[in-house]
Amino acid sequence: MTITSEQVLAELKRIKGPDLEGNIVDLGLVSGVSIRDGKVAFAITVPAARAADLDGLREAAQTVVEKMPGVVSVAAVLTADAAGRSTPGAGARVAASGAHTHSHAPASRAPAKPKVARMTGVKHLLAVASGKGGVGKSTTAVNLALGLQAIGLRAGILDADIYGPSQPRLLGLTGRPEMTPEGKLAPMMAYGIACMSMGFMIDEETPIVWRGPMVVQALQQMLHDVAWAQHGDLDVLVIDMPPGTGDVQLTMAQQTPLSGAVIVSTPQDLALIDARKGLNMFRKVEVPVLGIVENMSYFVCPKCGEQADIFGHGGAAREAERLKLPLLGSIPLDMEVRIRSDTGQPITVTLPDSVHAGLYRDLAAKTWAELQAAAGHAVPPPQLTIAPANDALAVTFDDGASYTLPAEMLRVMSPSAEVQGHSADQRVTVGGKRKVKIVSLDPIGNYAVKITFDDRHNTGLFTWDYLRQLGREQSQRWAGYLSELQKKGLSRD
Ligand code: ADP
């Protein structure tokens, strides 16, 4: 059934105006009605100072439209009169009003502090932000999410970039999200990660001036009305934020229960103030900034392999130190990264043995360690010892927990294989070589270790968390593996 904007307006006439006089349509308060595939969006103009009190009006309007046959979802937002009719100069700031309560708004007019609803089914929300566009924020966000998956975590990505939603392209996603039987939107899946994009929620033809106020509402919907945990609880939902540090970004940061934020910058912008603006924005809303990612930091000549520090060397590390923030990673400028990003084949999953994929996994492990630390769950490095016959790894944690993990178990249960859903059945064939030996350990910072096996496999990055998990579940996992081998008629010899 096709719904028209006339039908939506007719329904909205049932809603009375802010002072219970007339109705919101005849009062000229409804605008921007857009309808696509049963998804309805519209805005209601109210005086800026009363926005917080009038959420009930918005809810009522949303409810009547939701009840219309053929309506799939409704995004109703409050906005101020752009011409400033009711509140001069308020512009589109209603959506960002909470952000201004600390500054100049008189107490009597200050809107209530926004309610930040906790997410169910998602352990950590992680914002990836940048001071300006074009620094590779979206590319970093998607590869970070895939890197988190590669180190054994369940990850998703929420593309909140209103100016140019790019995750569908980066992940090669087309089509529309479906509804779950519970009436939520099902995230789209690509390479094992769940994705939802602002691009699915906001019509490309909606002018950007409109998107600003609508975006905060749409973001809430993308957080709470999407079945993120459809395939199991997410450890991290990466949010690809809109570039910049304006009102919209500030409000999004404030109204979202973020565990932390990562700032992406190029070396030359790091030296300028853009990255610092991002930092200050999150500090203002008390979101811990976990660190900086320096993107396009150097160039490796594909022909001669020489590293060219186009923008100077060591600047990012110095700047990070000055800002008292960890440098989470330095990602070089690379043709392959660009080509794969632009064709929906992110390098972390499509070329897992590449240097870049390794860098993104390292970035993910470091970010995860910082995220844990910010949440008060830092895991100090365990003591690692390779057994004399190189066939096991002894892991002893600070709290006394100690495990001896067979090399073969580490090899066949490498974190990436685990999360990418290799069943026990697949694992016995994936880990082609049984009775592997550990050749070397390369600690990555103080948060993970890279294990190289004698079949040359070394793409698994084992975080302390993951090693502990393997240790705790060792007996049932090993038993499951052995029974799988037996079922397949395979022997370990
Ligand atoms: P933003 O989200 O900051 O606007 P994008 O992630 O869309 O930036 O990246 C802008 C462009 O730069 C894209 O074409 C992308 O493929 C490219 N790009 C990003 N990071 C790299 C990199 N490390 N090497 C090469 N190209 C990159």
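**Exercise 1. In which loop does serine 259 lie, and what is around it?**

Step 1: Serine 259 lies in the loop that runs between helix 8 (247–255) and strand 9 (260–265), where helices (H or I, at least four residues) and strands (E, at least two) are DSSP runs numbered from the N terminus. The model is predicted, so local features need pLDDT of at least 70 and side-chain atom pairs count only at pLDDT 80 or more, while totals for chains, interfaces and linings use all residues. Residues are numbered from 1 along each chain as its sequence is written, and side-chain values use heavy atoms, with hydrogens and water left out.

Step 2: Once neighbours within four places in sequence are set aside, serine 259 is in contact (heavy atoms within 4.5 Å) with Lys123, His124, Leu125, Pro288, Leu371 and Ala374.

Step 3: The side chains of serine 259 and histidine 124 are joined by a polar contact of 2.9 Å; such a contact is a pair of N or O atoms within 3.5 Å, and within protein one must be able to donate a hydrogen and the other to accept it, with residues adjacent in sequence counting only if both atoms are side-chain atoms.

Step 4: Serine 259 and alanine 375 are 116 residues apart in sequence, yet from C-alpha to C-alpha they are 7.2 Å apart in space.

**Exercise 2. Describe the shell around the ligand.**

Step 1: The ligand is surrounded by 17 residues (each with a heavy atom within 4 Å of it), and the closest are Gly134, Gly136, Lys137, Ser138 and Thr139.

Step 2: At least two residues of this shell come from each of helix 4 (137–150), strand 10 (289–300), strand 12 (327–333) and helix 12 (335–342), and helix 12 gives the most, with four residues.

Step 3: A backbone N or O atom of lysine 137 lies 2.8 Å from an oxygen atom of the ligand, and for a polar side-chain atom of aspartate 342 the distance to a ligand oxygen atom is 3.4 Å.

**Exercise 3. Trace the sheet built from strands 13, 14 and 15.**

Step 1: Three strands form an open sheet in the order 13-14-15 with antiparallel pairing, where two strands pair if DSSP finds at least two bridges between them.

Step 2: Strand 13 (383–386) and strand 15 (402–406) are the edge strands, each pairing on one side only.

Step 3: Strand 13 pairs with strand 14 (residues 392–396) over four bridges, and threonine 385 has alanine 394 of strand 14 as its bridge partner.
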